[in-house]
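Thanks for coming. I have one structure to go through today, and I will keep to what can be computed from the atoms.

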Amino acid sequence: MKKLIACIIALLALSCSISDDTQKSYVELLPVESASVPDEFTRAEIYDITITFKRPSECHAFKDIYLKDESDGLFIAVMSTVFTGNYDCPLIDNVIEKTFTFQPGQEDLYVFKFWHGSTNSGDEEYIIIEVPVID
């Protein structure tokens, strides 16, 4: 009997939801406004790369820097968590600066493609910076 009561209590505890359905979120990419990258890399050194972006509303929170190695370069954008719910999200034009580290490997040239947004016709725009690697 004690086992049955314990199982029922466990099932009830697992079936209860404590989440708040009024607050949800999703991830959105934000355009990079500018980037500060060295003119050249020395192989195996570690470098700081700084990007700036705009936080469009109070409901946007910085999540991470998105990096994806593609065949034609390193794609970089800003990931933002956007909170939605039953509250206002005043628009702001807050410029934020974030830095990440980069260590060149065996490549002789790195192409950084900082996502700068999309045009009205849906074409992607990039800030493209090429950085040679010296030994």
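I will go from confidence to overall fold, then the core, some single residues and a pocket.

First, the ground rules. This is a predicted model, in which local features need pLDDT of at least 70 and side-chain atom pairs count only at pLDDT 80 or more, while totals for chains, interfaces and linings use all residues. Residues are numbered from 1 along each chain as its sequence is written, and side-chain values use heavy atoms, with hydrogens and water left out.

On confidence, pLDDT is the predictor's confidence in each residue, from 0 to 100. The protein has a mean pLDDT of 86, with 83% of its residues at 70 or more. Residues 1-18 stay under 50 in pLDDT, and the model gives them zero contacts beyond four places in sequence; a contact means heavy atoms within 4.5 Å. Where pLDDT is low, the predicted coordinates should not be read in detail.

Now the fold. The protein has one helix and nine strands, in the order α-β-β-β-β-β-β-β-β-β from the N terminus. These elements are DSSP runs numbered from the N terminus: helices are H or I with at least four residues, strands are E with at least two. Of contacts between residues at least 6 apart in sequence, 65% join residues at least 24 apart. Of the 135 residues, 29% are buried. Buried means under 20% relative accessible area, exposed means over 50%, and partly exposed is in between, with a 1.4 Å probe and protein chains only.

Next, the largest nonpolar core. Such a core is a set of buried Ala, Val, Leu, Ile, Met, Phe, Trp, Tyr and Cys residues joined through side-chain atoms within 4.5 Å. This one has 20 residues, and F41, I49, F112 and F114 touch the most other members. At least two residues each come from β4 (47-57), β6, β7, β8 and β9 (124-134). β4 gives the largest share, four residues. Beyond four places in sequence, I49 touches S36, V37, F41, K98, T99, F100, F102, F112 and F114.

Staying with β4, which contains both Y47 and T52: are these two buried or exposed? Y47 counts as buried because its relative accessibility is 15%, and T52 is buried because its relative accessible area is 14%. Leaving out neighbours up to four places away, Y47 is in contact with P38, E40, F41, T42, F100, T101, F102 and P104. Its C-alpha is 9.9 Å from that of T99, 52 residues away along the chain. With the same exclusion, T52 touches P31, V32, E33, S34, V95, I96 and E97. T52 and A35 are 17 residues apart in sequence, with C-alpha atoms 6.4 Å apart.

Just before that strand, A44 sits in the loop between β3 (41-42) and β4. A44 is not a glycine, yet its phi is positive, about 75°. Most residues other than glycine have a negative phi.

At the other end of the chain, I127 lies in β9. I127 is partly exposed because its relative accessible area is 22%. Beyond four places in sequence, I127 contacts V32, E33, S34, F112, K113, F114 and H116. I127 and P31 are 96 residues apart in sequence, and their C-alpha atoms are 9.9 Å apart.

P90 is in the loop between β6 and β7 (91-102), and is partly exposed because its relative accessibility is 41%. Which residues does P90 touch, not counting those up to four places away in sequence? They are P56, S57 and E58. For S57, the separation from P90 is 33 residues in sequence and 5.6 Å between C-alpha atoms.

Last, the largest pocket. On a 1 Å grid over the protein atoms alone, a pocket is an open set of points where a 1.4 Å probe fits, with protein on both sides within 12 Å along at least five of seven lines; lining residues have an atom within 4 Å of a point. The largest pocket holds about 150 Å³ of space, where volume is the space filled by probe spheres set on points joined across faces, edges and corners. Its lining is D69, E70, S71, D72, G73, L74, F102, E107, L109, Y110 and V111. β5 (60-70), β6 (73-84) and β8 (109-118) each supply at least two of these residues, and β8 supplies the largest share, three.
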